[in-house]
Structure formats: structure tokens, C-alpha cells
Amino acid sequence: MAYKRQIDRLPIIPSDADEFNVTCHYCIVGCGYKAYTWPMNKQGGTAPNQNKFGVDLSEQQFQDSEAWYAPSMYNVVRQSGKDVHLVVKPDANCVVNSGLGSIRGARMAENRPSKVTGTQQQRLSDPMVWRNGVWQPTSWDDALDLVARVTAQVVQQSSEDDIVVSMFDHGGSAGGYENTWGTGKLYFESMKIKNCRIHNRPAYNSEVHSSRDMGVDELNYAYEDYTLTDTIFMVGANSMETQTNLYLNHMVPGLQGGAKMIVVDPRRTLTISSSEQYAGQENVLHLAIAEGTDMVLFNALLTHIVDQGWINADFIAASTFQGDEAVAQDSAYPAGLGSLDYAMQTCRTTLDEAAKICGVSAADIQKAAEWIAQPHDDGSRRKCVTCYEKGIIWGNDNYRTIGALVNIALATGNVGREGGGVCRLGGHQEGYFRPSEAHVGRPSEYVDQFLIRGLGGVHHIWACDHYKTTLNASEFKRVHKRRSDLVKDAIDGAAGGTREQVVDAIVSAINAGGLFVVDVDIIHSQIGQNAHVILPACEANEMNLTSMNGERRLRLSEKYMDPFGNSLPDALIAAKIAQHMERVLREMGEDAYADQFQGYDWETEEDAFMDGYGAAHTAVTYEHLRAAGNNGVQEPVVGYENGQLVGTMRLYTDGVFTRHGREDGKALFCAAGWRGWQAPGKAREQAAHRFWINNVRANIFWQNQFLDQDNDFVQDRYPHPFVEMHPDDMVDLGLNPGDLLEIINDNGVTQGMAYPMPTLKRNTVAMVFGSPAGSQGNVVNPGVNELVLPDYKHCWGDIRKISDATAQTRGISFKSHEIML
Amino acid sequence: MKCNKLVDAGRRQFLRGGMAATAGAVAATVMTPEQAKAQALARVDYPANRLANIADLVVNEPMDISYPDVDSPGVLLKLGEAVEGGVGPDGDIVAYSVLCPHQGWLMSYSAEDKTLNCPGHHSRFDCETGGQQIWGHATNNLAQFLLSVDDQGDISANGIDELIYGRLSNVLA
């Protein structure tokens, strides 16, 4: 039986309530919201002059009303030390979402920690130190003294290479320009940490190296290009499910305006079924290719476009490299780069060859090529916007596959023009501003393997939970736990000792193979179970935070409430660590090294922003961003005129490509040579197991599942991680809807709930990624590409029933997700 | 797109801003807004409104209703199989708001799989599991009207378990 909040009325926002700009911090789209706060003992009324909306709330409001908010948009939170009412609702005036809320963002208020309403009591409020067998809450100074002493001592006895850092590099929740700068300054300026990784992959690297090497930044368009285009070409992405309001507010108007839609995905997604509703089935082409064969498809599309003469010859002549080879393939470049002719020598693939490998008809591939590039009857060029995400980013042969896709956009001149663009759709917002990471190297260290091999002695973790979001997770967890337990045992053994004795015990344990773990997070995460020091961070709106979205739209999401308990912005935690490092190093007599940890006298997150991003972009200040509101400004910001920040709507309108750093400004094509499964072990695993274990996302908790593990509305819907299967496969295995199952292969085991999905191909399953209750990464092998990009998407296993449906799972709906109109 | 005719008639009226004309049969039993005025109580005071008689219902054919007043359209259903929260001798009678809790669009009933579907942004709610959102953008499950049946088979609504779209008090004041 469905969860109900039993709320029959809500406090009304009074006309004089305080108002704040909010950018949803969960996903890349960054929908605009408005937060309203007002004192506990006040309330608005139904008369127009008594409420914020100026309308008569004693009457029913009709569809798409601005004057309504759901119970999930309300909470009671702490502001400047006092409890206040809070409403966070979609902003009708934000061009990103035009008043649409998502199932994630429209729960931002409810997912705030509140001691009054009891929400999100999982949030960390105080630093904790492993002491006498438990995590004891303590002061910042006590916790950071231990962090600094152990870190400094390990560096002094060996080198900074023994300090391993896992840290976010994104915007939005946990990231943003303030916090990437704070952590970046600590680890890349004060220190030169090279053994570091990012939250969702086992190294410190780009997810789209090839696009950048070709000169094309991966976020080069404006969202309005979806409404201006002739064709939306979507690969390995499911925007209705994930970038929901980008789909509804920009792609759907494009489809309703006559655009065609091509979706490349092995499974029939909701984006496909909804697009058929909005555009008509005849205007939607689903290329349900065999998993991992995207590159062959792209090469065939390119070949057909070239052979038909549908390329944009003027663009190619003016804006792309005209020689032969510009960059040779080597250990840092998994494919050669050069002119179109050069790339074609490798990429040439016939429609029939592709049809055979990809498992789709040559006629459909030809149709896709026509929709992408065949000129209109009047001879004018077609506009095509290309978008992609994890289906190929986490897919087979990342570098060459993405290169092959960008080739098509370059050959047709669909970059830097209205209705064009070739962009990743993204996960989190962006918000990267750090000192140079050049010392990390390329390829960068495969940090998970570094730790598994027993290397490194101290692990600082910032808002990363590799228990849920890494590959080869079973082995990683086993080793990480064993190594950190050595240190816990050492701390327990030194109980009652002085700080010096405890630090000595920790360092001895590290020298014996142990790992000292510092976890900075907003909740006590799963990898946090291995931590010896836990430091509580806060989120956007508990601090001011700047980020940019998938069309490079930069906004300041304003602070409207206090950080929970004694938690702090990550930037200020990094500053405190630096200050303690300086103090401890001076005590150790290491003055020269201590000097490197100066320059962190930040009182607020704004100080951190101005020290980093603000110093490099002098027009961009909090004051100017506040004035720019929820529409902000699209990066790069080129000036400040007439009281407004001046931005850049889309990149490369001048036809000059710069992302690779080449002085000639010419884009390069990628010699994307097909080589079957690129990552080691994939072919063998595919042959050994029945089911392809695809990992997928769900709109209900995409990008905020860590909070939603404590949200009743979400837990009621999905009490276990879903494993979608074809109903006939379920019958084969004796599984009923809601039964619990295990997925097993040589890499490990994970678990979930059987969920029938008739639109899936046989012998494939779609398991939710990153679930706290069942990590899909447990069964993904360690295979990566030459630049340490993981192939999460390709994993095969067998399935075994664990249990009949539980009381919880029996009661949920298993009906089709596709609309029935 | 095919839309269920019964509910669709309601949609056209609702988009014009009033349900009074189509409320017809049920209008006489619905309290006026004045009578249904919220009291100064911790919870709103719901009216008990007669919606229909069991004899009026046909299995899996939606009946347009409104509750707690004419501006809150809903659907009364005899599902044909007992469900949790269902009333009547067969335990299969339920009623829901048909305003999508995402953006307030009027939803249509799919007899094929007993769901309510939003034409605006494709949210779907399961009438057999208490209005659970099967997939969609709303941040709550569908508001269900709590029902009772008397000895004569008259079905009445007596309360609601979620906030109805478009009102900050389920009973307008």
C-alpha cells in the first residue's frame, strides 16, 4: 500500500517571506527553484494580500500553477540559530525548467535535516574519531589534530605519494567552485598529490578525453538548441529518466515542433516511449544495437554521410585540420587524430558490416544517417544536436567510441551553430576550479589497484563512497576493510595513551600494511565504516555554492539555512586541515614544508570562491551572481556590462576549436579503429554467463540516493535495488515480481529485487547503479581503457533466487513504466 | 493518443475553470464551499459526501466524481478484485483525485492496466496499490479519497490521505 504523508494542509507563505535563489544541486540540469523562509510564529493567509503569490488561495488553483507546493516542498529548518518555515518550489521564471519540478528537486526541502520534523537525521553533525571501539563525537580541533599528525608523519617518513585522495570534481551537491578550489588548493598546490581519484571512477581523469583532444569541449551547446534542431541524436542516455526537465522543457518542444529523434540504446527506454507520444512513432528511430558496438554504428553513419556527400565541406575546410596525422597513437592517446581523410582510412565501415556487428538493419542505419545529415529538399543543411552519456562514457572503448561520435558532428559541421552541438548530458553539475593537475600524469594512476596492491598509507575521502560507486567493488571493499581494520585495532590497542602514542601506533600499523582513513561527507557512508576520523560537511543552501549546468549556466545557489550541527562547507574543512598541517609541521621543525600550507585564512565560502575562481574571473562575484538570479550567466563569462554579467550562449560559433590547446584552432578527427571488446576480461565473461548485467538509473533517486535511503516516499517505492528482467526470464528462473535475487560472477556478488520489464531483450537485466542496498559495481570486473576509464556497462553474470517477495516488496506496483494514454 | 472518454469529459470542463456543469448527478450531494469551510482544528474537517450507489458502478469503468467539493475532480472505481483499502462487499471500490500531483493536469484512466495517466509529463499511478506512482515526477503518491459504504450500498467519501494539487488545504477555506 502506497506511502502517504497524511498531510491535509500546509502553512501559507506570507507576502513578506524571505526569498532565495536556489539551483537544484542534485543533477546536471540545475533547475531553478525559489526558497522562501519565514518565522515560526507567522503565517500567510488565503487573501491575495496575505500571501507571496498575491492570489486568492481559498480557491482551487489550476494546472501549472505557481501558487501551489507539495508537502515535500515544505520543512522546518534552522536559520541563523532559529527554526523557520521553509518552502522550496520550482521557479517559473528560470529558463532551464520554466517552473517544472522533478521528483528529485521538488523534494529538496523534505531532504533537509530538521530536528523539528525529524527529516534526514542521518546527516553528520559533529566530527567523530574512532576511540575505544566506537566513533566518538568530538571537536574539530581534536579530530583535525589527529588527521594532520598522521598525514604529516606519513609524508615525512616517505612521501606525498603515500597520501591517497578520493575527491569529487563536480558541481552541485558536495562540489562547486568553492569546494573544488578548497580541496584542489590543499592537494594540488600545498601538496602535489598524484594518487587521487574522482567519486565515480578509479583515477583522476576526464571522462571524455577524445572529445577534448579533438578540440571540442563536451559542453558546447545551449539547451535551446534542442528546440531549434531538425534531429536529436541521443546515444547511451535516457533523459526522460535522468535529465528530466531538460527533456520535458527543451527536447519535447523540439519534438513537438517537428524534430526527429534517434536513440541508440540496447534497451527500449522511457525516453523512447515518451518521445513516440510527443513526436509520433514515425519520427522516433530506436537503434537497439548489441551492447558495446556503438563505435561500429558511428563509423558506418560517418562513412555513409561522407559517401553521400552530406558533409559540410566549408566547415571542414575552415575549422578542421587539413593534413594527415596530427597526433599519433601512443600510451596517452588511444587513437590517432588528424584530418577527416586520415580518420576515414580507419573508420570506413559499410552499412552491411555495421548491421552485422550491431544487430540492427542496414536500412535503419541508413535512415539514421539521413535524419542526421541528408540536406533538406531546398538544399539547406540539416541541423542535428548530438547528446550522449554513460552508455558510451562507461562503455566499450571509451576513447575511440566518443571520438567516433564527435567525428559525425564535425563532419556535418554541427558544432557551434544553432540547433547543433555534440555534448555529454552529464550527471552532476560542473564546478571545477583547481590548480594544475599536470603532476597527476596521463594515464593517471589506477588508484583502486594502487590501494589493493597494499600501497599508500593514508586515504582522505571527500564525498565519495566507493562501496557503491566503483568497479571491482567486491575486492576493493575486502582490501580496504582489511587494511583499515589494522589501524582500528592499533588505535584500540593504544587506548588510554597520549596523542603521540596513538599516532605512533597508527603509523606503525600503516607500515605493517594498514590504511588510515579520513572520511569527509554529509552522512556516515558505507566506506565511512572504515574511517578513523569522520568530518561532517554541509550541502548547497547550507552554504552558498556556485556551479554550472549542462549548458554552462553559472548560478549562485544561496544559503538559506544553517549547516546541520557543527558541519562545515568542504572548502572550509580543507582550509582547517591546511592550517592544522602547518601547525603540526612547524612543531615537527619542518618550516619550509609548513610554509606551503599558508593562504587559507578564509572565514566563509565566499572567501574561498574569491581566492580561486573569483581571482581568475574578476567580473564574477557573489554580488553579480545574486543579481543574475536563477538564469545566471552561461560560461565563459566575457565581461560585465550595464550591470549584467555577459556570457557565451554556445561555444565555437567562430569555428575556432581550442579545447586541445592547439594554436591552429583546428578540430581533429579521431581514427576510431574497432577492436571488439577493449577492456580485458570482457569477452571471456560474456561467454561464461547467461545475463548481460546492464546498469541503469531511475528518475526517482538519480543523484540523490544517498539522501533517499532515509526518505520514506522513495523507500516505499523501491525497498530494494531493482533488477529489471524480461518476464519470460523470470519464469525460467522461478522468480515472481518482488522476489529477492543474487547476481553472481567471478568478480563478486550483488543483490536486488526482481522487477518485470517486458520491453527488455531476453537474457539482459537492467540493475540500478549505485544503490546503497546492492552495489552493481560488485560484479563489474576491473577492466579499464588505456586512460583508466572503467567499462561499468559490460558485465555478465548468473542469477539465483534468494527469497520470495517480502511483505514490503509484495505491496509495490510492478506495472509498466510506459504511459498508457 | 486515445483518452478515456468519461474522464476526458471532465478534463475539458476542468480546463475551462469549473466542474459545476459536469458534476450534475453528484452536485446535489456535495457540500457547498461555505459548508465545507475548514475549522480551526489541527486537521481539516472533511465533509462526508455521498458519491454514488454500488448499483451505479460497472467493473473497471471509471465514474467521474468530485470531493470534497466540485473543484476537486476525482474518479470512483470498482476494480473487480479486492485491493488493500478497497471498500464494498468485494473490497474493490476505491476513489482517487484525478489531478496529477506533479503539475495538476487531469489524468485519464486506463482500463487496460487500471492506472491513472497524466498526458502532460507522463506520470502514472496504480489504482490497485493505493495510488502508488508507478513512474513519474510527482513527489507524492496519488491522493486517495477514503470511502465508506452503508447498508443501502451508498458510497460516501470521508477524507483524503494526501494534499490535493492546487490547494494548500484539502478543504478550501
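This section walks through two helix pairs, a few loop residues and some backbone oddities in chain A, and ends with the make-up of chain B. The model is a predicted one.

Helix α5(A), residues 244-256, is a good place to start. It is mostly covered, with 11 of its 13 residues buried. The buried set consists of T244(A), N245(A), L246(A), Y247(A), L248(A), N249(A), H250(A), M251(A), V252(A), G254(A) and L255(A). What do these buried residues pack against? Their partners are α4 (225-228), β9 (231-235), β10 (260-264), α6 and β14 (384-388), again in chain A. The helix isn't straight, either: α5(A) bends by about 30° at H250(A), and the proline P253(A) follows within four residues. Just past the helix comes G258(A), where phi is positive, near 115°.

One of those partners, α6(A) (residues 270-279), deserves a closer look. The two helices pack at an angle of about 45°, and their axes are 9 Å apart. Since an angle of about 45° is neither under 35 degrees nor in the range 65 to 115, α5(A) and α6(A) are therefore oblique to each other. Their crossing is right-handed. On the α5(A) side, the contact involves Y247(A), L248(A), V252(A), L255(A) and Q256(A); on the α6(A) side, it involves T271(A), S274(A), S275(A), Y278(A) and A279(A). Sorted by type, the contact residues come out as six nonpolar, four polar and no charged. The spacing within such a list fits a general point: an α-helix has 3.6 residues a turn, so residues three or four places apart point the same way.

The second pair is α7(A) (residues 294-307) with α10(A) (residues 351-358). Here the packing angle is about 165°, with the axes 9 Å apart. That puts the angle over 145 degrees, so α7(A) and α10(A) are roughly antiparallel to each other. The crossing of this pair is left-handed. From α7(A), the residues making the contact are V296(A), L297(A), A300(A) and H304(A), and from α10(A) they are L351(A), A354(A), I357(A) and C358(A). By type, this contact has seven nonpolar residues, one polar and no charged.

Now for the loops. G420(A) sits in the loop between α13 (398-411) and β15 (422-424) of chain A. Is this glycine buried or exposed? With a relative accessible area of 0%, G420(A) is buried. Beyond its neighbours within four places in sequence, G420(A) touches Y221(A), D225(A), C384(A), V385(A) and N414(A). There's a long sequence jump here as well: L228(A) is 192 residues away along the chain, but the C-alpha atoms of G420(A) and L228(A) are separated by 8.4 Å.

Q121(A) belongs to another loop, the one between β4 (82-90) and β5 (128-131) of chain A. Its relative accessible area of 40% makes Q121(A) partly exposed. Setting aside neighbours within four places in sequence, Q121(A) is in contact with S114(A), K115(A), F564(A) and D710(A). Q121(A) and G419(A), on the other hand, are 298 residues apart in sequence and 46 Å apart in space, C-alpha to C-alpha.

A few backbone details are worth flagging for anyone setting up a calculation. Two residues have a positive phi without being glycines. D64(A) has a phi of about 60° and is found in the loop between β2 (32-39) and β3 (74-79) of chain A. D64(A) counts as partly exposed at 38% relative accessibility. N132(A) has a phi of about 55°, and its loop runs between β5 and β6 (134-137) of chain A. At 57% relative accessibility, N132(A) counts as exposed.

Cis peptide bonds turn up too. One joins R442(A) and P443(A), with omega about -5°; P443(A) lies in the loop between β15 and α14 (447-452) of chain A. Another runs from E635(A) to P636(A), with omega near 0°, and P636(A) is in the loop between β21 (633-634) and β22 (639-641) of chain A.

That leaves chain B. Its secondary structure amounts to two helices and 10 strands, in the order α-α-β-β-β-β-β-β-β-β-β-β along the sequence. Chain B has 173 residues, of which 63% count as buried. Among the chain B contacts with a separation of 6 or more, 47% are between residues 24 or more positions apart.

Definitions and conventions: Residues numbered from 1 in each chain as written. Chains lettered and ligands numbered in written order. Predicted model: local features only at pLDDT ≥ 70, side-chain atom pairs only at ≥ 80, totals over all residues. Heavy atoms only, no water. Axes fitted to C-alpha atoms, helices over the stretch in contact; angles between N-to-C directions. Left-handed = near helix turned anticlockwise from the far one by under 90°. Contact = heavy atoms within 4.5 Å. Nonpolar A, V, L, I, M, F, W, Y, C, P; charged D, E, K, R; others polar. Buried < 20%, exposed > 50% of the residue type's maximum accessible area, 1.4 Å probe, protein only. Bend = angle between axes of the 7 residues up to and from the residue.
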